[in-house]
Amino acid sequence: MSDSNRADIAVIGAGIIGVACALQLARQGQRVVVIDPQAPGMGASYGNAGHLATEQVFPIADVSILKRLPAMLMDPMGPLRLDWKYLPRALPWFVRLLLNLRPTNYRRTVAGIRALNEASLGAWQRLLQAIEQPQLLRAEGSLLVFERAASGEAIDALRQRMQQQNVPVDFWSGEAIRKAAPQLNDAIQGGLFFPGTGHFIDPYSVVCALVSAAKACGVQFVQQRVLDGRLASDGVSLLTDQGSLTARQVLIACGAHSAKLTAALTGKQVPLDTERGYHLMLPHEHQRLPFAVTSFERKFIMTPMNDGLRLAGTVEFAGLERPANMQRAWQLHRLSQGLFRQDLSTRDATPWMGFRPSLPDSLPIIDRVADGKVLLAFGHQHLGLTQAAVTAEMVVQLVTLDKRIVLPDLAPYRLARF
């Protein structure tokens, strides 16, 4: 792409957030180009759990992480894994995470996550309605189940914490759970039902539907790698592996790969790390669950999709370069054993790993900096799918200054907090 092909806004990143932003900007009359070395939706957006996780208003870790650190380092199959070879690079990030668990910072984080999550379902419904694809989201709630009677006290404490944060939540008995999901076994004691949540029937199909709508609005998608960028008097100049591009504004929305370009264009080194998430897709399991179900003790989630049942939820800190440990994906099937009256089939199962972009305060960066030339929308950790549609509305507001839709205050998500 040459400089003659000037765009109003160049979106760096063709994941769910970048694509949603590109579509919404184009709907406002902006000339948009989306740049990514991969095809749209082939990064973290392809393999996420598919859960609209509006109930998850707490940070990615709490003070108990200190007690769990030895297990994180020693157990390669644990639900939260820190590769010991990556520890020297991860240590500064973990120190900042622990500092953000201090009471004042913790409350600020919870308020920031909650504000985005409370606006997420409505934003998704508006977006999917606008592209005439509302069936891609099933807003039918989700369930957190527990199996041990000893977990009941912790479940009740969690319910009270959720209610304090105005998260809709109901306690369900084991009998009520088996009535809704009869294939779950009798060992389940009870659980928490979250009526304000839902699931996507195929996250990749959601990206594809948004891409199709964006192209119809004139958005151009180019498969290139952005190598560098610099501010110019009239916008931003980007160098790619196939040439250069000039745009009035650039939106950095390339998830876990956003730090380098952000530093080049803003001079700010953001403490961005990655949660490596795994899933196992079971294509022959279509009728097991009516909605997403998470196990409290086993620490993973199961989401029904068009193509089968997706098991997900394991987290690994090992950076962007180390090869995937697909045994962590297969471990998800082992975790599922005993939850159902009949174990899940792994016939034709496929494992996957992707990078979730995480900042140490568990909040994304959503901002407009460098005299408005640089827009930022990254760092959503495991809530990227949940918060994509509301993030797109916030980015449009940053560009157009149109505030007809009441959206979360941007203050908690500003780049300047780092």
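Visitor: Which residue does the side chain of R298 meet in a salt bridge?
Guide: We're in a predicted model, where local features need pLDDT of at least 70, side-chain atom pairs count only at pLDDT 80 or more, and totals for chains, interfaces and linings use all residues. Residues are numbered from 1 along each chain as its sequence is written, and side-chain values use heavy atoms, leaving out hydrogens and water. A salt bridge means a side-chain nitrogen of Lys or Arg within 4 Å of a carboxyl oxygen of Asp or Glu. R298 manages that at 2.7 Å, N to O, and the partner is E147.

Visitor: How many residues apart along the chain are R298 and E147?
Guide: Helices (H or I, at least four residues) and strands (E, at least two) are DSSP runs numbered from the N terminus. R298 sits in the loop between β15 (292-295) and β16 (300-305), and E147 in the loop between β6 (142-146) and α6 (152-164). The pair links distant parts of the chain, and the separation is 151 residues.

Visitor: Are R298 and E147 buried or exposed?
Guide: Buried means under 20% relative accessible area, exposed over 50%, and partly exposed in between (1.4 Å probe, protein chains only). By that rule, both R298 and E147 are buried.

Visitor: Which strands hold R248 and D8?
Guide: Their side chains form a salt bridge of 3.2 Å, N to O. The two are 240 residues apart, with R248 in β13 (residues 243-252) and D8 in β1.

Visitor: What is the relative accessibility of D8?
Guide: R248 is partly exposed because its relative accessible area is 32%. D8 counts as buried, so its value falls under the cut-off: 14%.

Visitor: Which residues are joined into one network by salt bridges that share partners?
Guide: The whole structure has 15 salt bridges. One of them pairs R178 with D186 at 3.4 Å, N to O; R178 counts as buried at 19%, whereas D186 counts as exposed at 53%. Shared partners make one network out of D8, R31 and R248.

Visitor: How far apart are the C-alpha atoms of V11 and Q249?
Guide: V11 lies in strand β1 (residues 7-12), and it counts as buried because its relative accessibility is 0%. Q249 is 238 residues away along the chain, yet the C-alpha separation is 8.7 Å.

Visitor: How far apart are the end C-alpha atoms of helix α8?
Guide: The expected span is 1.5 Å times one less than the number of residues. Helix α8 (residues 203-216) has 14 residues, so it should span 20 Å, and the model agrees at 20 Å.

Visitor: Which residue caps the N-terminal end of α8?
Guide: Among the buried residues of α8 are P203, V206 and V207. Just after the helix, G218 takes a positive phi of about 95°. At the N-terminal end, a side-chain oxygen lies 3.1 Å from the backbone nitrogen of Y204, and the cap is D202.

Visitor: What is the relative accessible area of L91, which is partly exposed?
Guide: L91 sits in helix α4 (residues 87-99). With V95 and L99, L91 makes a nonpolar surface patch of about 250 Å². Patches take residues with over 30% relative accessible area and no salt bridge, joining like charges within 9 Å and nonpolar side chains (Val, Leu, Ile, Met, Phe, Trp, Tyr) within 5 Å. L91 counts as partly exposed because its relative accessible area is 46%.

Definitions and conventions. Accessible areas come from the Shrake-Rupley method with a 1.4 Å probe; for residues, only the protein chains shown count as cover. A polar contact is a pair of N or O atoms within 3.5 Å; within protein, one must be able to donate a hydrogen and the other to accept it, and residues adjacent in sequence count only if both atoms are side-chain atoms.
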